Amino acid sequence: MFPRISIDISGYCNAKCKWCVTGWNRQQGYIKQQYMSYEAFVRVYEHLYQSHIIGKNTEIMLYSWGEPFLNKDYIKIVEYLADKEQTFAVSTNASKVQLANGNSIYKNCDIFIFSMPGFSQASYDYIHGFNFEQIKKNIKAISKNLLESGFKGTGMISFHVYKFNIHEVEAAEQFAHSLKLNFNPYYPYFNGNSMTEMYLEEKMPAEMRRMAEKELYLSHVKKLLSERPKNYRCFLENILSIDCDGNLVLCCASDSGCADYTWDNIFEIASYEEMQIKRQEMLRSSTCEKCRALGIDYWMEKNPSYVKGEAHNYV
Ligand code: SF4
């Protein structure tokens with residue numbers, strides 16, 4: 001059984017993060033709104049389970065590139081997973097609220113993440129593009145609903161530390177603790193291997209590169225990449241990823257701008273053994289080769305954690 005699998009129940013995101021491939025700035029205003037219906041999700045789940053590709057303890061991440069709460073069937077999908085006693089995880093930007101009806105639908109949710117790009121309206125204007133006060137209200141409402149709905153897992157705020165919002169970390173931490181949420185500040189990097197490739201291969205347009213270096217902590221990256229052991233293998237090798245159409249995709253770090261992104265439809269893979277063979281084939285793809293050669297896999301896993309007072313080391 002695979003330990004973790006991402007099923008992207010929403011194929012789109014409403015946030016405008018400029019360093020993420022789904023961000024509106026990169027999509028030039030175009031977003032195709034698509035999602036996996038409840039019926040389609042059940043078919044995919046039953047196939048994965050009956051083929052022994054996943055088990056009850058496999059963590060199903062209900063997200064990858066999309067925002068799960070934009071899926072109108074979100075609650076039905078979570079109710080279904082509760083009924084199946086299936087472990088799952090959620091990450092949301094908290095721009096939309098869907099609440100459970102007081103039953104125990106979150107009892108098998110082991111991780112619930114709220115991602116925040118700052119703790120002020122100015123930071124939200126700059127990255128997500130949402131109303132900050134509304135986001136705080138939404139996080140409070142969803143957190144309360146989680147606790148009323150049997151949630152016993154780890155709830156956390158994942159705070160993206162940019163150069164322009166570092167003074168907001170403390171206020172965000174207090175907010176997290178007031179809701180009994182863990183607080184995980186981290187330095188974001190490019191979200192999507194196609195953008196990371198462009199940066200590391202020095203193919204990023206000059207103005208875009210200048211902006212990236214102005215906003216993201218990147219000065220440590222060259223040294224970090226030089227420390228990558230030759231035989232290093234990335235942690236995503238054992239994690240599967242399925243898009244909202246039920247297609248197997250290379251991994252949750254690669255994106256549609258990468259070569260070899262989309263593979264077979266999951267219904268074409270009949271067993272765990274077939275899945276293992278396919279996974280090995282995927283890991284020999286040109287995108288994986290390039291990812292290893294550039295050290296993107298190592299950067300993703302070894303990017304330093306934010307430690308209070310140490311940000312000056314990473315300019
Ligand atoms: S090597 Fe890179 S592209 Fe391949 S699975 Fe790992 S992170 Fe994804």
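Which element gives the most to the shell around the ligand? The answer is α11, with four residues. The model is predicted. Two topics follow: the ligand shell and helix α5.

**Ligand shell**

- The ligand has 14 residues around it.
- Among these, C234, L236, C251, C288 and C291 come nearest.
- Two elements, α11 (286-294) and α12 (296-302), each give two or more residues to the shell around the ligand.
- Sorted by class, the shell holds eight nonpolar residues, three polar ones and three charged ones.

**Helix α5: length and end**

- Helix α5 covers residues 132-148, which is 17 residues.
- From first C-alpha to last, α5 reaches 25 Å.
- That is close to the 24 Å expected at 1.5 Å a residue.
- After α5 comes G150, and its phi is positive, near 85°.

**Helix α5: buried and exposed sides**

- The buried residues in α5 are I135, N138, I139, I142, S143 and L146.
- Why do they lie on the same side of α5? They do so because they cover an arc of only 130° around the axis.
- E133 and K144 sit on the other side of α5, where they are exposed.
- The cover over the buried residues of α5 includes the strands β4 (109-116) and β5 (154-160).
- Helix α4 (121-126) is also part of that cover.

Note on methods:
Residues numbered from 1 in each chain as written. Predicted model: local features only at pLDDT ≥ 70, side-chain atom pairs only at ≥ 80, totals over all residues. Near = placed C-beta within 6 Å. Nonpolar A, V, L, I, M, F, W, Y, C, P; charged D, E, K, R; others polar. Expected span 1.5 Å × (residues − 1). Buried ≥ 20, exposed ≤ 12 C-beta atoms within 10 Å, placed from the backbone. Arc of directions from axis to C-beta. Contact = placed C-beta atoms within 7 Å.
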